[in-house]
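Trainee: Please pick a single part of this model and go through it closely. I would like to see how that part sits among its neighbours.

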Amino acid sequence: TKSEKLVVSGPLWSSKEFLQNSRNNEPDVEKGHTIAFFPASFNSTGVTNNVEAHNKFLLLAKDILEVYQNFKIIFKPKFKFDSYLEKKLTKETAEHLLKNGNFKIIQSDKMPSSIFPHADVIISMSFTSTGIEAIRAGKKSFYVDLLNNYQNSYFDNFDNLVSHSRESALKNLKFWQDIDSNELIKKYEIILNEMQINKNAEPADIIRSEINKINSHN
């Protein structure tokens, strides 16, 4: 970046005002034993996750539903799920998931934060904003890079935050399921401090404050 000043606000959509607004527009999803899946953008210019990566993500959802038959998955894409049915590589897996009564698709226009209250664990593709938004909101969250394309990402500095294979993803899911609230708080304090994200300051307020400073000098 050529910016003269950088300000770390933290994820904007995890601010309390947005979380509150999203609660007023929550989807119709039952709580309990639910995993939320957040894929990256699909089949568009400049995407960092290709069609094969998306198929691996769908296959992980399929595996979880087979391993944990009493679990539900809510899948919140940034696009129409039918896009998967239009690609040869993802078509079969997508069709299989659609036949499973424990797999529910959330409309793409819903805010991700409206999904958080319904999920026990958040699983995001590398490296969508929902992963950090969930952490900032205090939800159990980790990333998956199932093609192992980003072995040296910044997020790999933190234990259990990135899975680079199906096996690792299933182990991390178990880890986040089992971690108790006290350990979760300690772990997230370390992560947020390292990222220089102030958990006591609202990202929206930080941005407003910076804008007001600029305006006061003009």
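Mentor: Two residues touch, or are in contact, when they have heavy atoms within 4.5 Å of each other. The model is predicted: local features need pLDDT of at least 70 and side-chain atom pairs pLDDT 80 or more, while totals for chains, interfaces and linings use all residues. Residues are numbered from 1 along each chain as its sequence is written, and side-chain values use heavy atoms, without hydrogens and water.

The part I take is strand S1, residues 34-38. The chain has 8 helices and 6 strands (DSSP runs numbered from the N terminus; helices are H or I of at least four residues, strands E of at least two). Their order from the N terminus is α-β-α-β-α-α-β-β-α-β-β-α-α-α. 5 of the 5 residues of S1 are buried (under 20% relative accessible area, 1.4 Å probe, protein chains only), so the strand is largely enclosed by the rest of the structure. Thr34, Ala36 and Phe38 point one way from S1, while Ile35 and Phe37 point the other way.

S1 pairs with two strands (pairing takes at least two DSSP bridges). With S2, residues 72-75, the sense is parallel over 4 bridges, and Ala36 stands opposite Ile74. With S4, residues 121-125, the pairing is again parallel over 4 bridges; here Phe38 faces Ser124.

Phe37 leads into the largest nonpolar core, a set of 45 residues (buried Ala, Val, Leu, Ile, Met, Phe, Trp, Tyr and Cys joined through side-chain atoms within 4.5 Å). Phe37, Leu60, Ile64 and Ile123 have the most contacts inside this core. Helix H2, residues 51-67, gives the most to it, with 7 residues. Leaving aside residues up to four places away in sequence, Leu60 touches Phe37 of S1, along with Ile123, Val144, Leu146, Ala169 and Leu170. Another core, of 9 residues, lies apart from the largest one. Ala36 and its partner Ile74 are among its members, as are Ile115 and Ile122.

For the setting as a whole, buried residues make up 46% of the 218 residues in the chain. Of the contacts with a separation of 6 or more, 67% join residues 24 or more positions apart.

Notes:
Buried < 20%, exposed > 50% of the residue type's maximum accessible area, 1.4 Å probe, protein only.
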